[in-house]
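This briefing is for a reader who is new to the structure shown below. The topics are the surface, salt bridges, helices, a pocket and backbone angles.

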Amino acid sequence: MTLLVSATHAHSQGTSAKVSVGFSEKAKGYLALTKPRVVELLLVTTLPTMFYAHGYAGNSGVPGLWLMVATMVGGALAAGASGAFNCYIDRDIDKVMNRTSKRPLVTGVITPREALVFSWILTVVAVALLWSINPLTGMLGIGAIFLYVVVYSLILKRRTTQNIVWGGTAGCMPVLIAWSAVTNTVQWPAIILFLIIFLWTPPHYWPLSMRYSDDYNAVNLPMLGAVAGSRTVAVQVVLYTWAMVACSLLMIPLGGAGIVYTVVTGAAGIWFLYEAHVLYNNSKKDLVTKKNAMKVFHASITYLTLVFLSLAVDPFVGAALMVR
């Protein structure tokens with residue numbers, strides 16, 4: 001089956017063209033709207049948090065299968081809805097930036113109307129699924145979508161270099177959603193995990209914006225990595241990384257963390273601090289390149305993965321290092 005849609009072509013000239021789209025390509029376009037790589041990273045923090053919350057509440061084993069599936073699917077749909085709304089909102093700048101020029105709203109695979117309807121459908125299904133777990137989890141799901149779509153995409157992204165700092169709170173919400181799904185409340189460990197991701201977001205994203213500074217400058221997006229000097233960005237990366245590592249250690253006295261979390265997170269923190277300081281030292285010598293900026297970006301993903309994998313394993317190995 002072939003569908004015929006009218007859309008604006010990806011070229012910056014803005015010429016209008018008819019695009020013939022097959023069913024398979026259409027489906028891939030809808031999937032691309034959800035930003036699967038972002039969803040995948042968010043889910044990396046969700047399931048480990050559920051495991052840890054289950055053990056923290058004094059339970060053995062793992063949460064129930066339905067609860068895990070409902071939380072993971074609901075969270076993925078909420079993140080996908082946020083990504084789709086973002087693609088709809090940013091379609092004007094996406095067609096100018098090389099990094100985003102193949103997104104489905106730019107190529108015409110998906111029309112703006114289709115994207116908007118799809119975004120709302122995902123939102124309704126996500127909230128309904130999360131709400132079925134408990135109302136608190138549903139409200140947190142609504143809050144996550146609101147933060148990304150309204151606070152970040154509509155208000156902050158085009159106005160301030162601090163856009164990713166405060167807008168990035170949406171990416172911290174999965175740990176609160178996961179914790180509330182298991183315990184029907186939000187406790188200190190969940191808040192600490194929220195803060196770890198909050199402080200992790202700038203060292204994760206600002207090196208990426210250094211790599212794609214030409215794209216961001218072409219559309220006048222005030223991403224700090226694109227508009228500030230490399231030394232300024234590197235200093236901020238180092239400061240946020242130190243704060244993040246210090247925050248991660250609060251899980252020991254306040255969150256009931258055991259030996260696995262402590263050792264893995266401590267070692268990963270030292271390694272990521274090293275990478276952040278390498279970036280800073282390069283910036284002092286004016287030697288920052290797109291390649292070594294991206295090295296910090298990729299290191300940040302590895303760091304977060306290690307932290308949450310250790311969080312998932314921790315309840316099954318030994319006891320808390322400090323009595324809570």
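Patches are made of residues with over 30% relative accessible area and no salt bridge, where like charges are joined within 9 Å and nonpolar side chains (Val, Leu, Ile, Met, Phe, Trp, Tyr) within 5 Å. Accessible areas come from the Shrake-Rupley method with a 1.4 Å probe, and for residues only the protein chains shown count as cover. A salt bridge is a side-chain nitrogen of Lys or Arg within 4 Å of a carboxyl oxygen of Asp or Glu.

The model is predicted: local features need pLDDT of at least 70, side-chain atom pairs count only at pLDDT 80 or more, and totals for chains, interfaces and linings use all residues. Residues are numbered from 1 along each chain as its sequence is written, and side-chain values use heavy atoms, with hydrogens and water left out.

**Surface patch**

- A nonpolar patch of about 650 Å² on the surface is made by Val62, Ile259, Val263, Val313, Phe316, Val317, Leu321 and Met322.
- Helices (H or I, at least four residues) and strands (E, at least two) are DSSP runs, numbered from the N terminus; valine 317 is found in the segment after helix H16 (290-313).
- Buried means under 20% relative accessible area, exposed over 50%, and partly exposed in between (1.4 Å probe, protein chains only).
- Valine 317 has a relative accessible area of 36%, so this residue is partly exposed.

**Salt bridges**

- The structure holds 7 salt bridges.
- Aspartate 90 and arginine 158 meet through their side chains in a salt bridge, at 3.2 Å from N to O.
- This pair links distant parts of the chain, 68 residues apart: aspartate 90 is in the loop between helix H3 (65-89) and helix H4 (91-94), and arginine 158 is in the loop between helix H7 (135-156) and helix H8 (163-167).
- Aspartate 90 is buried, because its relative accessible area is 0%, whereas arginine 158 is partly exposed at 35%.
- In the salt bridge of lysine 290 with aspartate 214, the closest N and O atoms are 3.6 Å apart.
- Here too the pair links distant parts of the chain, with lysine 290 in helix H16 and aspartate 214 in helix H11 (residues 213-218), 76 residues apart.
- Lysine 290 counts as partly exposed at 38% relative accessibility, while aspartate 214, at 54%, counts as exposed.
- Lysine 295 and glutamate 275 also meet in a salt bridge between their side chains (3.9 Å, N to O).
- Lysine 295 in helix H16 and glutamate 275 in helix H15 (residues 259-284) are 20 residues apart, and the pair links distant parts of the chain.
- Lysine 295 is partly exposed, with a relative accessible area of 49%, but glutamate 275 is buried, with 7%.
- Asp90, Asp92, Lys157 and Arg158 are joined into one network by salt bridges that share partners.

**Helix spans**

- The expected span of a helix is 1.5 Å times one less than its number of residues.
- Helix H2 (residues 36-56) has 21 residues and reaches 30 Å from its first C-alpha to its last, close to the 30 Å expected.
- H15 has 26 residues that should span 38 Å, and its end C-alpha atoms are 37 Å apart, which agrees.

**Second largest pocket**

- On a 1 Å grid over the protein atoms alone, a pocket is an open set of points with protein on both sides within 12 Å along at least five of seven lines, and its lining residues have an atom within 4 Å of a point.
- Grid points are joined across faces, edges and corners, and a volume is the space filled by probe spheres set on the points.
- The second largest pocket holds about 150 Å³ of space.
- Its lining is formed by Phe85, Trp120, Thr123, Val127, Ile142, Ile145, Phe146, Val149, Val150 and Leu154.
- Helix H6 (112-133) and H7 are the elements that give two or more residues to this lining, and H7 gives the most, with 6 residues.

**Backbone angles**

- Lysine 35 is not a glycine, yet its phi is positive, near 55 degrees.
- Lysine 35 lies in the loop between helix H1 (23-33) and H2, and is buried, with a relative accessible area of 15%.
- Asparagine 184 also has a positive phi without being a glycine, at about 60 degrees.
- Asparagine 184 is placed in the loop between helix H9 (169-183) and H10, and counts as partly exposed at 48% relative accessibility.
- Glycine 58, just after H2, takes a positive phi of about 90 degrees.
- Aspartate 286, just after H15, takes a positive phi of about 60 degrees.

Definitions and conventions: 1 Å grid on protein atoms, 1.4 Å probe; cavity = no way out; pocket = protein on both sides within 12 Å on 5 of 7 lines; lining within 4 Å.
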